[in-house]
Amino acid sequence: MSTIELRNVHKKMGRHNSLEIEKLSVRSPIILGLLGPNGAGKSTLLKLISGCVSSFDGIIEINGLDIKERRESAIKDLGSLIENPNFYQFVSGYQLLRFIGQIRKESNRMDEEVHKTLKKLGLSNKGRNQLHTYSTGEIKRLSLGAAIIGDPNIILLDEPSDNLDIFGELVFEDLIRDISIGEEKIIIIASHDIEMLEKLCNEVIIIIDGNIEGTLKIDGDENRKIITLDKNIEANSALNQKYEVRENTIRIEIKEEKELIEAIQESADLGYKIVNVKNESLLEKKYLEILKIKGMSILQSID
Amino acid sequence: MFFELRKITQFLTINFWNSRAFTFMAFLTIFISILMFILTFFDFNSIIGTFVQSGGLVINVPNQLREASFNFIWGNIFIYIPILASAFFAAGAISQELEQKTIYQLLSLPISKEIILLGKILSSFFATGLIVSLFILTQFISYVITFHSFPDLNFLTYYLLALLITFSDVAMGIAVSTFFSKSANASIAYLIIYIVAMDIISLIFSSTGINPLLIKANADRIVYRVFMNIDPYVLYYGGSLSPAPFWEIIYSIEILLAYTGCFLFIAYISFFRRGIVK
């Protein structure tokens, strides 16, 4: 089993902010999301866990090994993608993955593994090209490959879906599902993308101003729906009395599908057009509540 | 440990060798070498005549002196090659990692930071050393064409000193590099320290009676003083048309080694103290 433990961790970020984590314990198997505004400390937390930063107070243990005292052994089984690297421009994708794979794991089948990874990433035909010929999205996919090559059990991904087109996003989601199935892995994903975090993660931690403000288990509850209408619902409307209404949306908890159909039918009968129907995001709801308490807006968080 | 060092050095060296900077530097070195060949092959007699006249000696120059002055002239130009190549390869070595954010990739690998730093130093040295060797190879070929014979043992001393100077330039470049997060700034700072600051300090030393050979830029010039013991930049310790005596070579080597050690120490401290998170 893989473990990550943080105790009383304090790290200054810039002049005024600092990351403060009293206790955080992560055990496999888990896909853990980190959600928070820019500058909240998500990347700093990943840099600390990955061993990039040694100047901090507190204790970080990876698989029981103190990262300050036994850094190399502690991060032996860890792969990461941090800060959208541009990579080395004049080596090929194959050379990059092979180098990282060989450092991470001694294996005489590394060539085979590199080819397999390039194939998974949809980069088989570009494997021998130098990296300056890759597009931004291809570099991003390759950097995901760099995080998973050598099959590490702990994988840290910082904004992995940034710069990915729809094909890249699908490749990424498949990749995460593929490497997490049936294995004792810890995958930590820091992202702004609430939808992606909800789709992939078992649990999400919300970080704001360097502090953990909340943790939410993603249990896949699809019983809360949001029906969006074409205009704001009138105050004296029958919908107002029956459902939870907010501006042009109806929020409804359903036990059976027919309750949803009934609400849609009632809205249509009252002359409203249905714009869309989607599951209510508990994560989004909780995140917005926390931001509101902190006096921030969602726009501030993703600026 | 050696496996990791070999792998990281090999990987970073390939990245250097395939880079446009390396191609540009190799092209520049070949271009300078061709100019030097034209200068020394076609105009050699007139140059040596002028040179000797200014020294107040007879124009009828013995062969041994002709050969020494040939290498001396090439050596005078050589001195700039490792400085420029290190500005490209070593001064950007760490700063570029920060600029491109590739440092996080390296630091999250299970390799010690010492190995990462050593890998950067060695790969920069291999890239710079290859450029330096290219120049010296051209000098060797030009010598053979000009004199129809091979140079004497001083040429080997010259090459070994050239490699030592290159290593110390690389160490200085890496040390400067650890203070910057933009490679262009690091390269400019390196060149300013080398070309401007060291010359000014050298003048201050000369005027105050301190041995200017203690300045690295002056100690570097031992590389061509193995042919003729004259330094056109510093006349503090006089000069002669004979090769520099053995003790002067050893003295310069000691100074260069001391500088190299200091630069490596600075690079080590700065690389380790630097908070990567900005």
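Q: What makes Glu266(A) and Lys242(A) a salt bridge?
A: Their closest N and O atoms are 2.7 Å apart. The pair joins distant parts of the chain: Glu266(A) sits in helix H9 (residues 257–269) of chain A and Lys242(A) in helix H8 (residues 238–242) of chain A, 24 residues apart. A salt bridge is a side-chain nitrogen of Lys or Arg within 4 Å of a carboxyl oxygen of Asp or Glu. The 2.7 Å value meets that limit, so the name fits. Helices (H or I, at least four residues) and strands (E, at least two) are DSSP runs, numbered from the N terminus.

Q: What kind of model is this, and which pLDDT values apply?
A: This is a predicted model, where local features need pLDDT of at least 70, side-chain atom pairs count only at pLDDT 80 or more, and totals for chains, interfaces and linings use all residues. Residues are numbered from 1 along each chain as its sequence is written, chains are lettered from A and ligands numbered from 1 in the order in which they are written, and side-chain values use heavy atoms, leaving out hydrogens and water.

Q: Is Glu266(A) buried, partly exposed or exposed?
A: Glu266(A) has 23% relative accessibility. Buried means under 20% relative accessible area, exposed over 50%, and partly exposed in between (1.4 Å probe, protein chains only). Glu266(A) therefore counts as partly exposed. Its partner Lys242(A), at 48%, also counts as partly exposed.

Q: How do you know that Asp111(A) and Arg98(A) meet in a salt bridge?
A: The N to O distance is 2.5 Å. Asp111(A) lies in helix H4 (residues 110–120) of chain A and Arg98(A) in helix H3 (residues 93–104) of chain A, so the bridge ties together parts that are 13 residues apart in sequence. The distance is within 4 Å, so the rule is met. Asp111(A) is partly exposed at 33%. Arg98(A) is partly exposed at 27%.

Q: What makes Glu244(A) and Arg246(A) a salt bridge?
A: Their side chains meet at 3.5 Å, N to O. That is within 4 Å, so the pair passes. Glu244(A) is partly exposed, with 37% relative accessibility. Arg246(A) is partly exposed too, at 44%.

Q: How many salt bridges does this rule give over all chains?
A: The count comes to 17. Some residues are linked in a network: Glu5(A), Lys23(A) and Arg27(A).

Q: Why is Phe42(B) called exposed?
A: Its relative accessible area is 58%. Exposed means over 50%, so Phe42(B) qualifies. Phe42(B) is placed in helix H2 of chain B.

Q: Which residues make the nonpolar surface patch of about 1,100 Å²?
A: Its members include Phe42(B), Phe27(B), Ile30(B), Leu137(B) and Ile145(B). Patches take residues with over 30% relative accessible area and no salt bridge; nonpolar side chains (Val, Leu, Ile, Met, Phe, Trp, Tyr) are joined within 5 Å, like charges within 9 Å. At 58%, Phe42(B) is over the 30% limit, so it meets that part of the rule. Helix H2 (20–42) and helix H8 (113–147) of chain B each supply at least two residues. The largest share, eight residues, comes from H2(B).

Q: Why is Leu130(B) called partly exposed?
A: Its relative accessible area is 39%. That falls between 20% and 50%, so the middle label applies. Leu130(B) lies in helix H8 of chain B. Leu130(B) touches Trp17(B) and Phe22(B), leaving aside residues up to four places away in sequence. Contact means heavy atoms within 4.5 Å.

Q: Which residues have the most contacts inside the largest nonpolar core?
A: They are Leu157(A) and Ile189(A), in a core of 119 residues. A second, separate core has 42 residues, including Ile79(B) and Phe227(B). A nonpolar core is a set of buried Ala, Val, Leu, Ile, Met, Phe, Trp, Tyr and Cys residues joined through side-chain atoms within 4.5 Å. Ile189(A) touches Leu157(A), Phe172(A) and Met196(A), among others, not counting residues up to four places away in sequence.

Q: How is chain A divided into domains?
A: Domain 1 covers 3–89 + 146–217, and domain 2 covers 224–282. These bounds come from an automatic or database domain assignment. The two centres, taken over C-alpha atoms, are 38 Å apart. Chain A has 11 helices and 14 strands. Of its 303 residues, 51% count as buried.

Conventions
Accessible areas come from the Shrake-Rupley method with a 1.4 Å probe; for residues, only the protein chains shown count as cover.
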